[in-house]
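Here is a short report on charged side-chain pairs and the fold that carries them. Start with the view below, then read on.

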Amino acid sequence: MKPIYALTMAALLAGAPLTQAAPAAAPAAAPTASVPVAAPDAARVQAVQAMLEAMQSEKMMRSVAGASRYVNEEQRASVFAKLEKVPPQEIYKRLALPVARVIGVETANELSAFYGSDYGKRLLQQTYNSRASMFPPEPPVPNAAEKKMLKKPALVQARKELAGADATIRHEAFALLQAIIKK
């Protein structure tokens with residue numbers, strides 16, 4: 001009798017139903033990260049473009065160029081010279097469509113407001129103006145109002161979504177850098 005009992009418990013724990021009973025209704029899913037889309041609408045692209053502008057993505061492009069490998073110093077200087085000729089608005093516009101595929105309107109709006117705040121600007125200042133190091137620099141210390149802002153559920157979710165999309169954003173920035181170099 002014990003082997004049957006053990007097998008029954010194993011089946012129950014594994015989630016395999018022993019009967020054809022209807023499964024219990026799943027709880028309603030809470031809204032989660034924005035769903036990647038193949039063709040984002042104009043409002044989504046516009047919101048992402050505003051977010052990229054607030055995040056100073058032209059500086060991110062320079063960091064991507066700086067992290068790339070070059071044959072020699074002349075090639076490196078050539079890449080940076082070409083990148084300097086591209087106006088920031090064009091970078092935001094060209095990055096907006098591919099990034100809008102993975103970042104939603106609510107996230108983009110929330111991050112635009114965050115990076116437009118004093119704390120967000122200090123965070124960007126430190127991110128783009130810190131020295132290269134093995135360990136990331138400590139983030140700036142927020143005051144009481146900024147601590148409250150950082151705990152907002154919408155902002156917490158938006159920052160998680162941005163962290164999840166970081167690899168895609170960096171890839172798209174690298175692809176854009178390649179297109180700029182080929183001009």
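A salt bridge here is a side-chain nitrogen of Lys or Arg within 4 Å of a carboxyl oxygen of Asp or Glu. By that rule, the structure holds five salt bridges. Keep in mind that this is a predicted model.

**The fold**

The protein has nine helices and zero strands. From the N terminus on, the order of elements is α-α-α-α-α-α-α-α-α. Of the 183 residues, 32% count as buried. Take the contacts between residues at least 6 apart in sequence: 76% of them join residues at least 24 apart. The accessible surface comes to about 12,200 Å². Carbon and sulfur atoms account for 62% of that surface.

**Three of the bridges**

The table lists salt bridges between distant parts of the chain, with the N to O distance and the separation in sequence.

| Pair | N to O distance | Separation |
|---|---|---|
| E84 and R62 | 3.6 Å | 22 residues |
| E90 and K183 | 3.7 Å | 93 residues |
| R122 and E146 | 2.9 Å | 24 residues |

Where do the partners E84 and R62 sit? E84 lies in helix α4, residues 73-85. R62 belongs to helix α3, residues 57-67. R62 has 32% relative accessibility, so R62 counts as partly exposed.

E90 and K183 form the next pair, with side chains meeting at 3.7 Å, N to O. E90 is in helix α5, which spans residues 88-100. K183 is in the segment after α9, and α9 itself covers 153-182. Is K183 buried or exposed? K183 is exposed, because its relative accessible area is 64% and the cut-off for exposed is over 50%. E90 stands at 27%, so E90 counts as partly exposed.

R122 and E146 link helix α7 (residues 118-129) to helix α8 (residues 144-150). Their side chains meet at 2.9 Å, N to O. R122 is partly exposed, with a relative accessible area of 33%. E146 is at 8% relative accessibility. Buried means under 20%, so E146 counts as buried.

**A shared network**

Which residues do salt bridges with shared partners join into one network? They are E90, R94 and K183. E90 and K183 thus appear twice in this report: as a pair that links distant parts of the chain, and as members of the network with R94.

How values were computed:
Residues are numbered from 1 along each chain as its sequence is written. This is a predicted model: local features need pLDDT of at least 70, side-chain atom pairs count only at pLDDT 80 or more; totals for chains, interfaces and linings use all residues. Side-chain values use heavy atoms; hydrogens and water are left out. Helices (H or I, at least four residues) and strands (E, at least two) are DSSP runs, numbered from the N terminus. Buried means under 20% relative accessible area, exposed over 50%, partly exposed in between (1.4 Å probe, protein chains only). Contact means heavy atoms within 4.5 Å. Accessible areas come from the Shrake-Rupley method with a 1.4 Å probe; for residues, only the protein chains shown count as cover.
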